[in-house]
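Okay, everyone, thanks for coming. Let me put the structure up, and then I'll walk you through a few spots in it.

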Amino acid sequence: MTLTAFLLIFLSVFLHATWNFLSKKANPSGAFYLMSSSTAALLWLGFFLYAEVSLAALPVRFWILLGCSIVCEMIYGIGLAYAYRISDISLAYPLGRALPVLMVAGVTLLLGIGARPSGLAIAGMAITFVGCILLPLKTMHDFKWKTYASRAIFFILMIAVGTTGYTILDSQASAILQAQPGETPLMKSLVYLFLLELGIALGLGGYVALRPMERKEFKRLFLRSPYPVITGFCSSSAYALILLAMRHVSNVSYIQAFRQMSLPIGVLAGIILLKETPAKPKLAGVTLIVVGLVITAF
């Protein structure tokens, strides 16, 4: 991992922790993330209109990858909304962020994408996995199947599956766009981000339109709450930095690992600001995750 990648991901970490904390505080929904994605699309619209990128010249494979990434983003957003509604951020945030480290590494190895992780990196991922196992526990006596067979864990798994999918798909799709002639890498990344956020907004718009409770939530939030707008700005800016960082690593799984520096920030925000219970297994789990991710990254 280069110094440039490190700095880009480091700034992204704080933006990511910020918007997740605001989401949890606002009791999010599909309508909440519809407005967030719409805000993000508007944020990058000017760059899209200014850029000299020929969409017609892009191959069909690019549009398939983009479409699949949008579906994964929707799975991620819906899972995140429900997970934050029924569980603590100090559980949903670190577990939802750490599990994709293992999933992305597994999928990239299986498909032969990027460089093969070293033995040390794999050891770090194994430590991360142990930390993930400890996170849902209030005491060590809770280490049983029914602790993990809960609605909260189901939605957290949705977060993890969605994150894994869009991380790999965006890496492949953005590489195709970057190979097109003209424009700077930064401008191409922002064009991709606009297309992505627009697609998410359209997809979530359909989801909200089909669900009466989501339509009611949309009316409650629209032009009345600043949280969806702030969330959209922070989340999209954070991911713009990640798209740029993808150009400076040999395997996308390293990005997914190093982004998890935001985990202790999210957990501490939940414990200190939201008064969530700091159970000992949860703190031990977060510690192991951070240690495992540091080993993986370096």
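So, arginine 220 and glutamate 217: their side chains meet in a salt bridge, at 2.5 Å from N to O. Both residues sit in helix α9, three residues apart, and that puts about one helical turn between them. Arginine 220 is partly exposed, with a relative accessible area of 44%. Glutamate 217, on the other hand, counts as buried, at 12% relative accessibility.

Before I go on, please keep in mind that this is a predicted model.

Now, glutamate 217 has another partner. Its side chain also meets that of arginine 85 in a salt bridge, this time at 3.9 Å, N to O. That pair links distant parts of the chain, with arginine 85 in helix α3, residues 60-86, and glutamate 217 in helix α9, 132 residues apart. Arginine 85 counts as partly exposed, at 37% relative accessibility. And how many salt bridges does the structure hold? Two. They share a partner, and together they join Arg85, Glu217 and Arg220 into one network.

Okay, let's move on to the aromatics. Searching the whole structure turns up eleven aromatic pairs. One of them is tryptophan 19 with tyrosine 33, edge-to-face, with 6.3 Å between the centres and 85° between the planes. Why is this pair a nice one to look at? Tryptophan 19 is in helix α1, residues 3-25, and tyrosine 33 is in helix α2, so the pair ties together parts that lie 14 residues apart in sequence. Are these two buried or exposed? Tryptophan 19 is buried, at 5% relative accessibility, and tyrosine 33 is buried too, at 7%. Add Phe32 to Trp19 and Tyr33, and you have one aromatic cluster.

Another pair is phenylalanine 62 with tryptophan 63. Their ring centres are 5.1 Å apart and their planes are at 85°, so this one is edge-to-face. Here the accessibility is split: phenylalanine 62 is buried, at 0%, while tryptophan 63 is partly exposed, at 35%.

Let's stay with helix α2 for a bit, which covers residues 30-50. Methionine 35 is in that helix, and it is buried, with a relative accessible area of 9%. What does methionine 35 touch, if you leave aside its neighbours within four places in sequence? The contacts are Phe218, Leu221, Phe222 and Pro228. Take phenylalanine 222: it is 187 residues away from methionine 35 in sequence, yet their C-alphas are 7.8 Å apart in space.

Further along in helix α2 we get to leucine 49. This leucine is exposed, at 62% relative accessibility. Together with Leu42 and Leu45, Leu49 makes a nonpolar surface patch of about 310 Å².

Next, serine 237, which has its place in helix α10, residues 227-245. Serine 237 is buried, with 13% relative accessible area. Leaving out neighbours within four places in sequence, it is in contact with Leu15, Leu43 and Trp44.

Now a couple of backbone details in the loops. Asparagine 27 is in the loop between α1 and α2, and it has a positive phi of about 55° although it isn't a glycine. It counts as partly exposed, at 38% relative accessibility. Leucine 223 also has a positive phi, about 60°, and it isn't a glycine either. You'll find leucine 223 in the loop between α9 and α10, and it is exposed, with a relative accessible area of 77%.

Last topic: the cysteines. How many disulfides are there? The count comes to zero. Take cysteine 68, which is in no disulfide; the nearest cysteine sulfur is that of cysteine 72, 7.0 Å away. Why is there no bond between these two? Well, the cut-off for a disulfide is sulfur atoms within 2.5 Å, and at 7.0 Å the sulfur of cysteine 72 is too far from that of cysteine 68, its closest one. As for their surroundings, cysteine 68 is partly exposed, at 37% relative accessibility, whereas cysteine 72 is buried, at 14%.

That's my tour, folks. If you take one picture away, make it the salt-bridge network of Arg85, Glu217 and Arg220.

Definitions and conventions:
Residues numbered from 1 in each chain as written. Predicted model: local features only at pLDDT ≥ 70, side-chain atom pairs only at ≥ 80, totals over all residues. Heavy atoms only, no water. Buried < 20%, exposed > 50% of the residue type's maximum accessible area, 1.4 Å probe, protein only. Patch = residues over 30% accessible without salt bridge, like charges linked within 9 Å, V, L, I, M, F, W, Y side chains within 5 Å. Areas by Shrake-Rupley, 256 points an atom, 1.4 Å probe, with all protein chains shown as cover. Salt bridge = Lys/Arg side-chain N within 4 Å of Asp/Glu carboxyl O. Helix = DSSP H or I, 4+ residues; strand = E, 2+ residues; numbered from the N terminus. Phe/Tyr/Trp six-rings, centres within 6.5 Å; stacked < 30°, edge-to-face > 60°. Contact = heavy atoms within 4.5 Å.
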